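Here are my notes on this model, point by point. Have it open beside you as you read.

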Amino acid sequence: MNFIRASIEISSAFSPVSKWKIPGKYLSTFQYPIDYEFIQRSPIPTMHFQYSLPHLPIPKLDLTCERYLAAQRPLLIDEAYRKAESTVNHFKTGTGKQLQTILKKTDRENRDSSYISDLWFDQSLRDRKPLPINYNPMLVMQNDWRHEYNNQLIRSTNLIISSVRFYKSLKFNLLEPEVYHLNPMRSNSDSFINICSSLPESLSWHGAYLFKAYPLDMSQYPSLFNSTRVPETDRDRLIKNLPGNHITVQSKGHFYAFSVMDQYGDILKPEKILARLKFIMEDDIENNEFPVGILTTLERNQWATLRHELGDNGNETGLKLIDSALFNVCLDDVSLDGDVYATIRNFLHGDGKNRWFDKSFSIQVSKDGMAAVNFEHSWGDGVATLRYVQDIYKDSTEHPFVHPNTAPYDDNISNVIRLDFHLTDKLKCSIEEAKADYKHYCRALDIDYLIFDRVGKNICKKQAVSPDAVMQLGFQIAYHKMTGKFVPTYESCSTAAFRHGRTELVRPCTTLSKAFTLAINCKSLYQPTISELKMMIGDCSRHHNQLTREAAMGQGFDRHLFALKNISDQSNLYCNMFQDPYYVHLNHTILCTSTLSSPAVYAGGFGPAERNGLGVAYIIRDDELGVLVTSYPSYQNGSDFISALREAFAELVNILDKD
């Protein structure tokens with residue numbers, strides 16, 4: 001069978017995302033006519049604001065040191081804290097000043113990016129750990145509300161069509177820019193659109209700012225498509241914007257490829273895409289005994305060696321087709337039947353036989369039509385993926401182009417090809433070993449979850465406290481109930497208000513949250529009244545909001561110290577600060593947390609940052625909250641944490657409910 005590839009070039013308009021934690025409300029600004037080729041036709045070009053975004057600031061060294069010590073205070077006894085304080089004082093008056101000078105000079109010479117961007121890419125690509133669980137997160141979409149549209153073939157086809165429509169809107173600068181509206185009544189308007197679209201790109205951000213609207217960085221969006229991470233010894237390569245108008249599909253451990261656009265760049269008719277997927281699903285070939293996708297679960301150096309062997313053995317064309325595909329689709333031969341545990345396991349890691357974890361993202365669809373996106377994490381911070389998931393979920397459910405009565409039709413079905421890899425006995429042996437190792441590796445992970453329907457955004461708003469702060473307070477209380485300890489905790493926060501901003505960390509374990517935790521767990525000398533406890537929650541909420549604002553505005557301390565440490569390592573400028581055991585301890589994250597709230601998302605998850613840590617993904621809805629916890633039970637007990645968390649939230653809501 002022949003595979004036809006159209007030579008459509010990726011638009012040079014792409015410049016090398018996030019929308020998170022900035023105060024205000026995000027709204028969709030534009031309404032569009034529905035057409036087949038584009039998911040959106042924004043009157044403001046996608047990248048219109050990109051070139052005038054403000055530069056990510058480098059925090060003042062004194063403030064970074066002050067914030068670092070504030071994060072250490074609840075974790076250290078007095079004697080240890082005094083030692084940490086002494087180390088920091090020497091740092092900020094000595095080597096730290098030298099490193100800050102070098103960082104500022106480098107930043108002045110790199111005004112088109114941010115001081116953290118290249119360093120963060122480099123760290124991710126150098127890590128040798130396997131991608132699944134350690135790096136690749138997943139987002140499970142809500143089911144279509146119409147049962148008949150959750151058929152695997154119908155749902156996969158609609159998600160593919162919506163994805164290509166999203167891709168074309170992005171490619172042709174027609175995708176709605178990310179804009180955060182601080183005052184939606186004023187800025188979510190025709191005046192905003194008319195004025196901002198008429199301004200030159202160099203002034204566009206300033207025009208939006210006058211409306212109290214904040215455009216966000218979109219530099220990571222082009223890496224969603226035609227991109228992959230290629231394993232290499234010591235440091236992987238990230239290749240992106242490859243020419244290709246095809247997708248790859250995995251079924252029964254086999255790879256298939258077919259074009260989703262014609263030679264003119266137009267999306268194939270829905271009946272044709274439906275027919276090609278149906279052709280793949282009805283292929284009567286047996287399950288692949290030696291699925292090459294399992295090799296992407298390996299340690300990166302090991303996989304790099306085997307990938308070179310694959311290429312040398314006549315498989316280079318197949319590998320290039322996978323690398324250059326718009327995206328990957330995994331058609332799973334399992335029915336999940338609403339089982340939360342089975343759903344999370346399947347989409348977070350699966351058995352690895354029907355996966356290619358190196359791809360920028362894969363759409364995964366189970367036999368009963370549950371759908372998720374699993375994405376490689378080095379190219380971006382996840383918010384571009386969340387935006388993509390929200391848009392294709394909305395589009396595929398509100399405007400599906402394939403229906404239960406749609407008849408598949410394609411007069412050129414032979415354009416679907418199966419990628420049959422040529423394998424030596426050594427490669428087959430490596431695949432067998434990888435399957436066994438991955439099975440053992442995944443069995444070591446535990447997954448637990450909690451749905452708590454007594455607290456959500458509504459009760460928090462009624463009591464004028466931050467829902468996110470209440471969630472984070474619950475995590476501190478629960479971990480202390482379980483272990484009697486306070487541990488390094490972080491919550492990821494986007495710095496997308498700045499050009500090439502990445503993420504900053506919020507440190508939710510504070511002296512205020514510690515004091516409240518000790519009080520509610522009856523470990524303090526003085527037991528506050530309910531009224532006093534409610535006031536303490538308010539104090540914790542305000543402080544958490546302050547930390548979040550600082551992080552979103554590039555004024556956290558973690559990324560700044562990370563950059564200074566990298567300069568120290570590269571310049572051989574020895575710095576005692578970064579060898580300090582308390583600095584090392586703070587960066588050994590036990591509670592790794594992230595919020596995934598979205599109407600399109602049923603669940604989301606990721607692995608623990610450390611073997612003895614907990615990966616805590618959470619969703620806050622109006623009248624309930626959900627928490628998904630991953631752990632390695634030989635190091636941490638996620639089930640016990642969930643039990644303690646249920647108690648913690650019950651206690652919190654009892655306090656908040658009191659008049």
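1. A definition first: buried means under 20% relative accessible area, exposed over 50%, and partly exposed in between, with a 1.4 Å probe and protein chains only. By that yardstick H349 is buried, with a relative accessible area of 5%. H349 sits in the loop that links α11 to β9. Leaving aside neighbours within four places in sequence, H349 is in contact (heavy atoms within 4.5 Å) with I133, I344, R355, F357, Y438, C442 and L445.

2. Some housekeeping. This is a predicted model, in which local features need pLDDT of at least 70, side-chain atom pairs count only at pLDDT 80 or more, and totals for chains, interfaces and linings use all residues. Residues are numbered from 1 along each chain as its sequence is written, and side-chain values use heavy atoms, with hydrogens and water left out. Helices (H or I, at least four residues) and strands (E, at least two) are DSSP runs, numbered from the N terminus.

3. On confidence: pLDDT is the predictor's confidence in each residue, from 0 to 100. The protein's mean is 92, and 95% of its residues reach 70 or more. Over residues 1-33, though, the pLDDT is below 50, and this stretch has 133 contacts in the model beyond near neighbours in sequence. Where pLDDT is low, the predicted coordinates should not be read in detail.

4. Now the sheet. Two strands count as paired if DSSP finds at least two bridges between them. On that basis 8 strands form an open, mixed sheet, ordered β11-β7-β6-β8-β9-β10-β1-β16. At the edges are β11 (417-419) and β16 (601-605), each pairing on one side only. From one strand to the next the twist averages 25°. Towards the β16 end, β1 (residues 138-141) and β16 pair in the antiparallel sense over 4 bridges, with V140 opposite A603.

5. Which strand would I look at next? Try β9 (residues 361-365), where 5 of 5 residues are buried. Both faces are covered: F361, I363 and V365 are on one side, S362 and Q364 on the other. That split fits the general rule that in a regular strand the side chains alternate between the two faces of the sheet.

6. The neighbours of β9 run in opposite senses relative to it: β8 (residues 328-331) pairs with β9 in the parallel sense over 4 bridges, while β10 (residues 371-375) pairs in the antiparallel sense over 5. N328 has S362 as its bridge partner, and Q364 has A372. The β9-β10 hairpin has 5 residues between its strands, and G369 in the turn has a positive phi of about 85°.

7. Two helices pack on or lie across the sheet. α9 (residues 270-281) touches β6, β7 and β8, and its direction makes about 165° with that of β7; angles run from 0 to 180 degrees between N-to-C directions, with axes fitted to C-alpha atoms, for helices over the stretch in contact. Among the buried residues of α9 are I273, L277 and I280. α12 (residues 383-398) lies across β1, β9, β10 and β16, at about 15° to β1.

8. Last, G94: is it buried or exposed? At 24% relative accessibility, G94 counts as partly exposed. G94 lies in the loop between α2 (78-93) and α3 (95-108). The C-alpha atoms of G94 and C575 are separated by 9.1 Å, though the two are 481 residues apart along the chain.
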